[in-house]
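Q: Please take a close look at the buried interior of this one for me. I'd like to hear what it is built from and how its pieces connect.

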Amino acid sequence: MARSGTRTRVITLSCDGEKIGTNAMNEPVYGPPITFDRLAGRSDVSDGERFAAGQVGAFRSTRFVVLSDPDTRKITPAYGLTHEGLEYNIVGVKETLDGRHQAIEITATCEAD
């Protein structure tokens, strides 16, 4: 498992901006997207294949560990994560066992072509 002390990878996290109102059709209007980079530890957890609609797709599950800060404590599965040109879907976020507000563990999956 990636430890909070071995952060040698750069990840980019992004999400929609904060809701700033609604338009004339009562649809939400968001501010500029939120994007930031962090150093992270990385540990590939598993890989496998998915079968859907007669097609086979390979996937990889990875855990990233980043230092806890006000931005990383806001990460949810709605965020996007990019690492080494791959787009990951965040499936889980939690504090590590290192102690309160020390590090955040992000579990994410991506297509492994």
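**Inside the core**

A: Let's start with cysteine 15, which is buried because its relative accessible area is 15%, below the 20% cut-off. Keep in mind that this is a predicted model. Cysteine 110 also counts as buried, because its relative accessibility is just 3%. As for disulfides, the structure has zero.

Now to the core itself. The largest nonpolar core is made of 16 residues, and the ones with the most contacts inside it are Ile11, Leu13, Phe64, Leu81 and Ile106. Strands E1 (9-15), E4 (34-52), E5 (55-67), E7 (86-95) and E8 (103-111) each put in two or more residues. E8 gives the largest share, with four.

E8 deserves a bit more time. Eight of its nine residues are buried, so call it mostly covered. Its partner is E7: the two strands run antiparallel to each other and share six bridges. One pairing to look up is valine 93 with isoleucine 106, the latter sitting in E8. Ile106 is also one of those core residues with the most contacts.

From Ile106 you can step straight across to isoleucine 11, since the two touch. If you set aside residues up to four places away in sequence, isoleucine 11 touches Phe36, Asp37, Arg38, Ala40, Phe64, Val66, Leu81, Thr82, His83 and Ile106. Phe64 and Leu81 in that list are again among the core residues with the most contacts.

Zooming out, the protein chain has eight strands and zero helices, so a run through the elements from the N terminus reads β-β-β-β-β-β-β-β. Of its 113 residues, 31% are buried. Take the contacts between residues at least 6 apart in sequence: 55% of them join residues at least 24 apart. On the outside, the chain exposes about 7,200 Å², with carbon and sulfur atoms supplying 49% of that.

How far does the predictor back all this? The average pLDDT for the chain is 85, and 83% of residues score at least 70. Among the elements, strand E6 (residues 80-83) has the highest mean, 96, while E4 has the lowest, 79. E4 is also one of the strands that give two or more residues to the core.

Key:
Residues are numbered from 1 along each chain as its sequence is written. This is a predicted model: local features need pLDDT of at least 70, side-chain atom pairs count only at pLDDT 80 or more; totals for chains, interfaces and linings use all residues. Side-chain values use heavy atoms; hydrogens and water are left out. A disulfide is a pair of cysteine sulfur atoms within 2.5 Å. Buried means under 20% relative accessible area, exposed over 50%, partly exposed in between (1.4 Å probe, protein chains only). A nonpolar core is a set of buried Ala, Val, Leu, Ile, Met, Phe, Trp, Tyr and Cys residues joined through side-chain atoms within 4.5 Å. Contact means heavy atoms within 4.5 Å. pLDDT is the predictor's confidence in each residue, from 0 to 100. Accessible areas come from the Shrake-Rupley method with a 1.4 Å probe; for residues, only the protein chains shown count as cover. Two strands pair if DSSP finds at least two bridges between them.
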